[in-house]
Amino acid sequence: MNDDLRKLISLQELDLLIKERKKEEEAGFQLQGAEEFKKARETIISLLPPHLYRKYQRLKERYGNAVVPVVGGICQGCFILLPTSLVSQKNKNERIHTCPNCGRILYWADE
Ligand SMILES: [Zn+2]
């Protein structure tokens, strides 16, 4: 898998963890480890090309999730059937592809 794509997926997983953590904190629980998550997040961001991070942030603000899997040729963000010209490409995870409909960053879970 493309290195940047792998980082984007990790970043999204971290963001989900941070979000969950925040909810629990707001509910009054004192939790350890929030700082580590934030540090890990900063490390990933520092390794990502800035334009990809900006794209990620934009998509996250707009949709809540920026990186989505493709299952059976369908974008799991907006559920459109992706064009054959894209689906039939080889080694799709070696490049950053975006959904032509919603613009989310795609990865193929079954490759
Ligand atoms: Zn889509």
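**Reasoning from values to terms in a predicted model**

Analyst: In this predicted model, Lys92 counts as buried, with a relative accessibility of 4%.

User: Why is Lys92 called buried?

Analyst: The term buried applies under 20% relative accessible area. Lys92 has 4% relative accessibility, so Lys92 meets the condition. Lys92 is found in the loop between α4 and β3. Leaving aside neighbours within four places in sequence, Lys92 is in contact with Leu86, Val87, His97, Trp108 and Glu111.

User: What makes the site of the zinc ion tetrahedral?

Analyst: Four donors count as tetrahedral if all angles lie between 85 and 135 degrees. The angles among the 4 donor atoms here are 106 to 111 degrees, so the site is tetrahedral. For comparison, the ideal angle for four tetrahedral donors is 109.5 degrees.

User: Which atoms coordinate the zinc ion, and why do they count as donors?

Analyst: The zinc ion is coordinated by the SG atoms of Cys75, Cys78, Cys99 and Cys102, at 2.3 to 2.4 Å. The cut-off for an S atom is 2.8 Å from the metal, so these atoms count as donors. In sequence, the donor residues follow the spacing C-x2-C-x20-C-x2-C. Cys78 lies in the loop between β2 (74-75) and α4 (84-87), and Cys102 lies in the loop between β3 (97-98) and β4 (105-108), so this pair ties together parts that are 24 residues apart in sequence.

User: How do you know which of the terms buried and partly exposed applies to Cys78 and to Cys102?

Analyst: Partly exposed covers the range between the 20% limit for buried and the 50% limit for exposed. Cys78 has a relative accessible area of 25%, so Cys78 is partly exposed. Cys102 has 8% relative accessibility, which means that Cys102 counts as buried.

User: How do you know that the charged end of Arg104 sits over the ring of Tyr63?

Analyst: One condition is that CZ of Arg is within 6 Å of the ring centre. The charged end of Arg104 is 3.9 Å from the centre of the Tyr63 ring, so this distance condition is met.

User: What makes Gln12 buried, and where does Gln12 lie?

Analyst: Gln12 lies in helix α1 (residues 3-26). Its relative accessibility is 15%, under the 20% limit, so Gln12 counts as buried. A polar atom of the Gln12 side chain lies 2.7 Å from the backbone oxygen of Val67. Not counting residues up to four places away in sequence, Gln12 touches Tyr56, Asn65, Ala66 and Val67.

Conventions: Residues are numbered from 1 along each chain as its sequence is written. This is a predicted model: local features need pLDDT of at least 70, side-chain atom pairs count only at pLDDT 80 or more; totals for chains, interfaces and linings use all residues. Side-chain values use heavy atoms; hydrogens and water are left out. A charge sits over a ring if NZ of Lys or CZ of Arg is within 6 Å of the ring centre and within 35 degrees of the ring normal. Helices (H or I, at least four residues) and strands (E, at least two) are DSSP runs, numbered from the N terminus. Buried means under 20% relative accessible area, exposed over 50%, partly exposed in between (1.4 Å probe, protein chains only). A polar contact is a pair of N or O atoms within 3.5 Å; within protein, one must be able to donate a hydrogen and the other to accept it, and residues adjacent in sequence count only if both atoms are side-chain atoms. Contact means heavy atoms within 4.5 Å. Donors are N, O and S atoms within 2.8 Å of the metal (3.2 Å for Na, K and Ca); water is not among the atoms, so sites may look incomplete. Four donors count as tetrahedral if all angles lie between 85 and 135 degrees; four count as square planar and six as octahedral if opposite donors are over 155 degrees apart and all others between 65 and 115; anything else is irregular.
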